[in-house]
Amino acid sequence: SGRNEQVNQQKECTAQTLVVIEMVARGIPHQNYPVLKNGKKTGMVPSGTNAPHLGKPLGLAYVAKAHSAIGTEIEIDLRGKSAKAVVVAKPFYKRAK
């Protein structure tokens, strides 16, 4: 039923946290791309792009809390190909004064 589905989605959201990711491998994370850890889905990318001012692709990802520590290596499923990424600290850019 709709109620059960809503409860399951709510449980899934509370089991995940939003992190900033930086791509290590070539590729740009895009909306709705799966996040993997050891080949198993652990989250999803809500937003990502190439950051020309930083010279690297960055994105946001919802991941399981167990995989949210800074420096954690994860993979992004880029249309069937796994690409390495790493969780980085927020904010990832500080404007020079």
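1. The largest nonpolar core of this model has 14 residues, and those that touch the most other members are Ile 21, Val 35, Val 45, Ala 61, Ile 74 and Ile 76. The elements that contribute two or more residues to this core are E1, strand E4 (56–64), E5 and E6. The structure is a predicted model, and the points below should be read with that in mind.

2. On confidence, the protein chain has a mean pLDDT of 87, and 85% of its residues reach 70 or more. The confidence is lowest in helix H1 (residues 2–14), where the mean is 63, and highest in strand E5 (residues 73–78), where the mean is 96. A student looking at the picture may therefore wish to know that local features need a pLDDT of at least 70 to be considered here.3. The protein chain contains 1 helix and 6 strands, and from the N terminus on these elements follow the order α-β-β-β-β-β-β. The 6 strands form a closed barrel that runs E1-E4-E3-E2-E5-E6, with antiparallel pairing, and from one strand to the next the twist averages 45°.

4. Several of the strand pairings can be followed in detail. Strands E3 and E4 pair in the antiparallel sense over 7 bridges, and Thr 49 has Leu 58 in E4 as its bridge partner. E1 and E4 also pair in the antiparallel sense, over 7 bridges, while E1 and E6, which run antiparallel, are joined by 4 bridges. Ile 21 is a useful residue to look for, as it stands opposite Gly 59 in E4 and opposite Val 87 in E6.

5. Ala 61 is one of the core residues named at the start, and its place is in strand E4. Is Ala 61 buried or exposed? With a relative accessible area of 0%, Ala 61 is buried, because the cut-off for that word is under 20%. Leaving aside neighbours within four places in sequence, Ala 61 is in contact with Thr 17, Leu 18, Val 19, Ile 21, Val 35, Met 44, Val 45 and Pro 46. Val 35 is 26 residues from Ala 61 along the chain, and the C-alpha atoms of the two are separated by 7.4 Å.

6. Ile 74 is another member of the core. Apart from neighbours within four places in sequence, Ile 74 is in contact with Ile 21, Val 35, Leu 36, Lys 37, Val 63, Ala 83, Lys 84, Ala 85 and Val 87. Ile 21 and Val 35 appear in this list, and both are also among the core residues that touch the most other members.

7. Val 87 lies in strand E6 (residues 81–88), and it is buried, with a relative accessible area of 2%. Which residues does Val 87 contact when neighbours within four places in sequence are left aside? They are Val 19, Val 20, His 67, Ser 68, Ala 69, Ile 70, Gly 71, Thr 72 and Ile 74. Gly 71 is 16 residues from Val 87 along the chain, and their C-alpha atoms are separated by 5.2 Å.

8. Thr 42, in strand E3, counts as buried at 10% relative accessibility. Not counting residues up to four places away in sequence, Thr 42 touches Gln 16, Val 35, Leu 36, Lys 37, Tyr 62, Val 63, Ala 64 and His 67.

9. Two asparagines deserve a careful look at their backbone angles. Most residues other than glycine have a negative phi. Asn 32, which is found in the loop between strand E1 (16–23) and strand E2 (34–37), has a positive phi, near 75°. Asn 38 sits in the loop between E2 and strand E3 (40–51), and its phi is also positive, near 55°. Asn 38 counts as exposed, because its relative accessibility is 66% and the cut-off for that word is over 50%.

10. Some totals for the protein chain complete the note. Buried residues make up 30% of its 97 residues, and the accessible surface comes to about 6,700 Å², of which 50% belongs to carbon and sulfur atoms. Among the contacts with a separation of 6 or more, 59% are between residues 24 or more positions apart.

How values were computed
Residues numbered from 1 in each chain as written. Predicted model: local features only at pLDDT ≥ 70, side-chain atom pairs only at ≥ 80, totals over all residues. Heavy atoms only, no water. Buried < 20%, exposed > 50% of the residue type's maximum accessible area, 1.4 Å probe, protein only. Contact = heavy atoms within 4.5 Å. pLDDT = per-residue confidence, 0-100. Areas by Shrake-Rupley, 256 points an atom, 1.4 Å probe, with all protein chains shown as cover. Core = buried A, V, L, I, M, F, W, Y, C linked by side-chain atoms within 4.5 Å. Pairing = 2+ DSSP bridges. Axes fitted to C-alpha atoms, helices over the stretch in contact; angles between N-to-C directions.
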